[in-house]
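Me: Please take a close look at a single part of this structure and explain how it sits among its neighbours. I am a first-year student, so plain wording is best.

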Amino acid sequence: MKAIIMAGGQGTRLQPFTHTIPKPLLPVGRKPILQIIIEQLHRFGFSDIAITTEYKSDLISAYFQDGKNFGVTIRYVVEEQRLGTAGGLGKLRDWLDEPALLINGDILTKTNFKQLYDYHLHHPDSFMTVAIRTQSFPIPFGVAEIKNGKLLHITEKPNLHLQILAGIYVISPAVLHYISGQDYLDITEVIQRIIAENKPISLYEITEYWKDIGSIEDFTEVTKEENNW
């Protein structure tokens with residue numbers, strides 16, 4: 001099975017750590033984030049892995065090389081200019097001849113990647129499967145419920161529950177129809193293009209542990225949980 005890891009971001013919200021090292025190589029315990037992801041993919045049967053890189057790509061390829069030491073085969077898509085989270089996928093047109101799991105290079109989760117992949121295969125008409133999760137966001141104010149100019153109710157500091165993208169997908173080769181490989185493009189725009197053409201997209205809910213390491217606060221929290229990894 002094939003998997004793609006998007007690891008080209010500059011990690012600006014994790015500066016100054018990322019001044020010298022790309023975010024996917026930041027250590028959680030004794031292992032870089034990206035190594036944890038690759039080892040998880042290998043454990044679930046994904047042996048053919050592509051990594052899209054841009055920022056400090058030479059450090060990533062120097063660490064993982066051809067993937068042999070991690071039980072997988074790795075190929076690199078090195079973006080000469082920033083192409084967003086999805087733009088580099090267009091350079092995999094000749095390689096992506098079957099569905100592939102797609103994951104951001106800063107996601108740590110206990111999700112069973114094989115179950116997610118199989119879920120997509122069981123929906124063969126879907127162009128892609130989007131993993132979602134319910135996230136709670138505290139509102140630090142009292143919230144007013146108003147109707148026709150009349151105050152009906154006050155809820156003190158409620159939690160807002162939203163379904164968010166989990167940064168994990170399974171894409172079919174047909175998705176590359178929307179990606180040139182030359183232009184800047186985020187995965188959210190790809191999804192919007194598929195929706196605009198009324199092509200089917202499946203949803204897969206993640207309920208297991210999940211963390212997007214997008215900030216210093218997130219990174220600090222994950223390192224405190226390093227025994228999990």
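Reply: Gln65, just after helix 2, takes a positive phi of about 50 degrees. The model is predicted, and that angle is computed from it, as are the other values below. Helix 2 itself covers residues 57–64, and its buried residues are Ser57, Ile60 and Phe64. These three lie on the same side of helix 2, because they cover an arc of only 65 degrees around the axis. The spacing behind this is a general one: an α-helix has 3.6 residues a turn, so residues three or four places apart point the same way.

The next point is what lies over that side. The cover of the buried residues of helix 2 includes helix 1 (33–43), strand 4 (48–53) and strand 5 (73–78).

Strand 6 can be set beside this helix. In strand 6 (residues 100–104), five of five residues are buried. Burial there is on both faces: Ala100, Leu102 and Asn104 are on one side, with Leu101 and Ile103 on the other. In helix 2, by contrast, the buried residues are on the same side, since their arc is only 65 degrees.

Strand 6 also has partner strands. Strand 1 (residues 2–6) runs parallel to strand 6 and is joined to it by five bridges; Met6 stands opposite Asn104. Strand 11 (residues 159–171) runs antiparallel to strand 6, with four bridges between them, and Ile171 in strand 11 is the bridge partner of Ala100.

How values were computed: Residues are numbered from 1 along each chain as its sequence is written. This is a predicted model: local features need pLDDT of at least 70, side-chain atom pairs count only at pLDDT 80 or more; totals for chains, interfaces and linings use all residues. Side-chain values use heavy atoms; hydrogens and water are left out. Buried means under 20% relative accessible area, exposed over 50%, partly exposed in between (1.4 Å probe, protein chains only). Helices (H or I, at least four residues) and strands (E, at least two) are DSSP runs, numbered from the N terminus. The arc is that of the directions from the helix axis to the C-beta atoms. Contact means heavy atoms within 4.5 Å. Two strands pair if DSSP finds at least two bridges between them.
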